[in-house]
Amino acid sequence: MNTASDTAHHSLAAHEVVLILETDALKGLSPQEAATRKGVFGPNVLPRPQGAGFLRSLIHQVNDPLIYVLLAAVAVTLLLAEYVDALVISVVVIVNLAIGLLQESRAEAALEALRSLVPAASTVIRGGAKMDVRSEELVPGDLVFLEAGDKVPADIRLVRLEGLEADESALTGESEPVPKDQIVLPVTTPVADRRNMVYSGTLVSAGSGAGIVVATAGGTELGEIQRLMGAIRRQPTLLTRKLGGFSKALTGVILGLAAVTFVFGVARGQPAGEMFTAAVALAVGAVPEGLPAAVSVTLAIGVRRMAARRAVVRRLPVVETLGSTTVICSDKTGTFTENQMTVVSVTTPSGHYHVSGTGYSPEGAITTAQETPGAAPPGPVADRDAALYWCLLAGAVSNDSALSRESGQSRGNGQWRVRGDPTEAAMLVAAPKGGIDTKLFLARNDVLQSLPFTHERQYSASHHRKGTSPDQGILLVKGSLERILGLCTGRMGTDGSISALEPSKAFGEADQLAGRGLRIIATAVGFTHGQAPLQDTGAVSGLVFTGFQAMQDPPRPAAARAVQSCKDAGIDVKMMTGDHPRTAAAIAAAVGLDGNSTVGGLLTGTDVEGLTGDELSRAVNTATVFARVTPQQKLRLIGLLQDSGHIVAMTGDGVNDAPALRQADVGVAMGGSGTEVAKEAADIVLTDDNFATIEAAVEEGRNVLDNLFKFITWTLPTNMAEGLVILVAILMGWTLPILPTQILWINMTTAVALGLMLAFEPKEPGLMSRPPRDPDRPLFTRQLGLRVLLVSALLVGGTWWTFQGELGRGASLPEARTAALNLFVAFQILYLFSCRSLGHPAWTVKPFSNRWLAVGVLLQVLAQAAITYLPAMNTLFHTAPLDLQSWLAVFLAAAAAWGVVALDKHFRPNIT
C-alpha cells in the first residue's frame, strides 16, 4: 500500500485512490484492518517537539560574550567588596538569561500549538457502519464523513460530496471558502488549488461529503509545516550580534590596559596589592556594565510604547531589530484588507449603485453615481428601483449566513460578527443599506423550499409562498453570472417591467469589475404558480435578471498611507499571499504597491518554482507581489532576502505563515484573525490586525534604536575616561586624582541616574523620513571612535587640570580629589544633554520633553552633594567639602569641555 509520501493522490481518480489504499469507497476499512494499520502508521497525532531541556537551554543562554563580561564584572566587584554594584550587575544577568529561556519555551509552544488543530473526534465509516472515533485513531484508508462546521482530521481525498466548501485560509491563505469537487488534477497542482482534497486542520464551511484518508500525523501538510518550523533555528538579533562582537573587542582592550597598569605600577616599586586594586578599578571603571541594563530598559520602554499602539511584543530583542528593518513582507488578507467581505457596488439592468460602509456593520448607504448619502432623495433607494429591490432581497434571503453583534460592549459599540460564508454575509449586510427589511419579507412570505449552492449547480435558490396565496410563489435565486443569465429570459427595469435580456452588456460590465479584483454574484427573481419542488430542474428557469452585486475584502483605509510612510522611510514593502493573483494585484494597487505582472512586479508560486536560484535571487528583490505561494516558497523567499543583506519583517495569520514568521528577523502575527500557531511563532502580535500598526511599530523600533545609540555614545567615552585616569597616573608615576572607590561611585550612580534616562527620550522629528541603518554598518563606527577619544581626552585632561589646580591653590588631597570627582560628574551631566539628539545641537531639543532625565539629573546632583558634604560619605569615600571657588573651577572646566564637544558635534553630526 502506497502512502501520501510517494503518491500525489490529487492526480488520481477516486477509484484509483481506493485501490491503492486497499479500502472501500462505501464501507471503508474493517475495524480489524484499521487496528492493524494503526500499528503500522501509529496514531494520527503530530509528533511532539522534543525540547532542549532546562540545563541545555541555560548553558546555551550563558554562552554569550556579553554575559561573560557581566559575570567578570560581578567577580571583580565582589573582590573589591562592592556588594551593591555586584548585586545590580547580577540582576541584569538574571534578567537577560530569563528572557532567553522564555523565548526558547515559546518557540516550543509554537510547535505544540499545531497539535491542537487536529480535532478530538471524527465520524468514520468502518465495515459499512457510521461511528465516531477519536481522531488519533484514524489511519490511511479510513472513510471519513464530513459536514459543515467540522474540522478536517487528516489529509483526505474526496470521493463524494454535496456542496462541500472548505475554509483553507489558515493553511493556504485563500481568502474565500474553496468549493470542492472530485475532478482529477495535474500532479503539479499547488495545495491551494487542489479542489478534490481537504487538509488536516482546515474547516468545512458548507455542505457535506466523504473521503479517503491519504495521510495522517506527520505525513500531512500540517506535519510538513511542523517539520519546517522545527528545522528553523532562531538567529540572534542584529544588535545582539553586534554587541557580542563589540563586547569581545572591548573586553580585550580593557584587560590589556589593566595588565599594563599592574605591570608598570609594580615596576615603579608600587605595592603589588595596591596595583592589583588599581588595575581592577580600571577594569570596572572602563567596562560599561550599565549597557546591558540600558539595553533591557530601553527595549522594555519600547515594548510599553508599542503596546499602546496595539503591537504586543513577545520577544524583547526584536524591538531594536524592527527599527533596523529594510523589508516588510506582509500577508494580504486581514493585514492590508479588512478581512470582511463587503459589497461595494450593485449593478442592475438599468443603473449602477455605490454601496458605502465597510465590514459587517450594516451602517452605510446605497446611492447612484450622481448622489451622495446626505443629498439623496428621502426614502429607501430600493423603493425607486424594483430591480435593485429584488437584487438586494435575493442576496439576503437566499442566504445561510447570520449576523450578530458581540455582547458586553458599552453604548452599542460591539463588533459585528457573522456565522457562515463571508460572501453571503456581505449580501446580508448590503440589504439594510438599501432599506430592505428581510425579516418583514420572511414574515409575510413563508419559505416553502430552499436549494443550497453547490459547485456543480452554481446557484442557490429560495422558494416562498407569496403572501397568503395558496398557489402563487416567489423564487429568489443567486449564483454565478453565467449560470444566472442562462436561467433568465428577461431583465427587470426600474419600474418592474420586463424587457429583453442583454447578456453581452451584463458580461461587459461584470468583466470591468472583476478586473479590479471584485467578486460578482448575480441575482434573479421568478414568480411561480403551484408548488413545484426546487429539485425539479425545470422549476428554476424562465427567471428575470435583476442584476449583480460586486464585493471585495476592502483595503484598510490606513494601509495606503502606511505603505507610503514605509517607502519614505526607505523600507521596501512586499505582499506574500496564498490568494489568487488577480485579487492580490487589485489590493496591491489599492494600497500603493506595484503588482503589475507584465513588468515583473507580480510573481506566482508557479513562477517561483520555474526560476533558477540566481534568477529568483534577483526577482525577489524586484518583485512586489507574490501570489499563490506555499509555506515552503515563503520560507525560501524570506531566506533569499536575508541572504541579500536585508533585515526582514514578515506578517501573517495562518498556519501556512508560521514557518516564515519563525525564519524572519521579525515575525508579526495577527491577534484578531490569527491562528494560535502563528501567534506562538511570532515575535510581535498586532491586536488590531492592521498594516498601519506595523508602520507604527517600526517607528517605535527606530526610536528604541536611536535611544540605544544615544546611551552608547554617552557611556563609552565616560567609562573609558574612568579607566584612563588611573592608567595615566600609573604610567606617569603621579598621585591618583580619583581613587578606585570613587570611580566605582561614579560608575554606579551615573549609569542609573543619568544614562538610563536616555531610554525615555521621545521620538525625534523626521524619524520615518530617513533610510534604515545599514545592517553591515558596525556598532563602533570610525566617527564614534573619534568622539570617544575626544570626550575621553577632555575628561582625563579636565580631571588632571582640576586636581592639580586645587592642589596648587593649597587644597588638601581629599579636597582636590573631591573636586576632580565632581568635575567628572558635572561633565557627564552636560554631555548627557548633548547626547539627547545625535544630529541636532543640545539647545534645539525641548528641555522638558523627557521629564525622567530632569529627575535623574536632580538625583545625581543630590548624590554628589551627599558624597561631598555628608561626614559619613566623606569617611567612606575619602572626600571633603568644597568651597565656592572649587565649584567655580569645576563648572568652568566642565563647560569648557562641553563647548569643545558641541563644536565637534556641529562639524560631525552623524557619528553612528
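## A covered helix: H13

H13 is mostly covered, with 10 of its 12 residues buried. This is a predicted model, so treat every value here as computed from it. The helix runs over residues 422-433 and reaches 17 Å from its first C-alpha to its last, close to the 16 Å expected at 1.5 Å a residue.

Which residues of H13 are buried? They are Thr-423, Glu-424, Ala-425, Ala-426, Met-427, Leu-428, Val-429, Ala-430, Ala-431 and Lys-433. If you follow the backbone onwards, Gly-435 comes just after H13 and takes a positive phi of about 85 degrees.

## Thr-172 and its contacts

Now for a single residue in another helix. Thr-172 belongs to H6, which spans residues 169-172. Is Thr-172 buried or exposed? Thr-172 counts as buried because its relative accessibility is 6%, and the cut-off for buried is under 20%.

Setting aside neighbours within four places in sequence, Thr-172 is in contact with Val-191, Ala-192, Gly-578 and Asn-656.

## A nonpolar patch on the surface

Over on the surface, Leu-79, Val-260, Phe-262, Val-263, Phe-264, Val-266 and Phe-276 make a nonpolar patch of about 610 Å². Which helix gives the most to this patch? That is H8 (residues 238-267), with five residues.

Another member of the patch, Phe-276, lies in helix H9, which covers residues 272-286. Phe-276 has 44% relative accessibility and therefore counts as partly exposed.

Definitions and conventions:
Residues numbered from 1 in each chain as written. Predicted model: local features only at pLDDT ≥ 70, side-chain atom pairs only at ≥ 80, totals over all residues. Heavy atoms only, no water. Helix = DSSP H or I, 4+ residues; strand = E, 2+ residues; numbered from the N terminus. Expected span 1.5 Å × (residues − 1). Buried < 20%, exposed > 50% of the residue type's maximum accessible area, 1.4 Å probe, protein only. Contact = heavy atoms within 4.5 Å. Patch = residues over 30% accessible without salt bridge, like charges linked within 9 Å, V, L, I, M, F, W, Y side chains within 5 Å. Areas by Shrake-Rupley, 256 points an atom, 1.4 Å probe, with all protein chains shown as cover. Salt bridge = Lys/Arg side-chain N within 4 Å of Asp/Glu carboxyl O.
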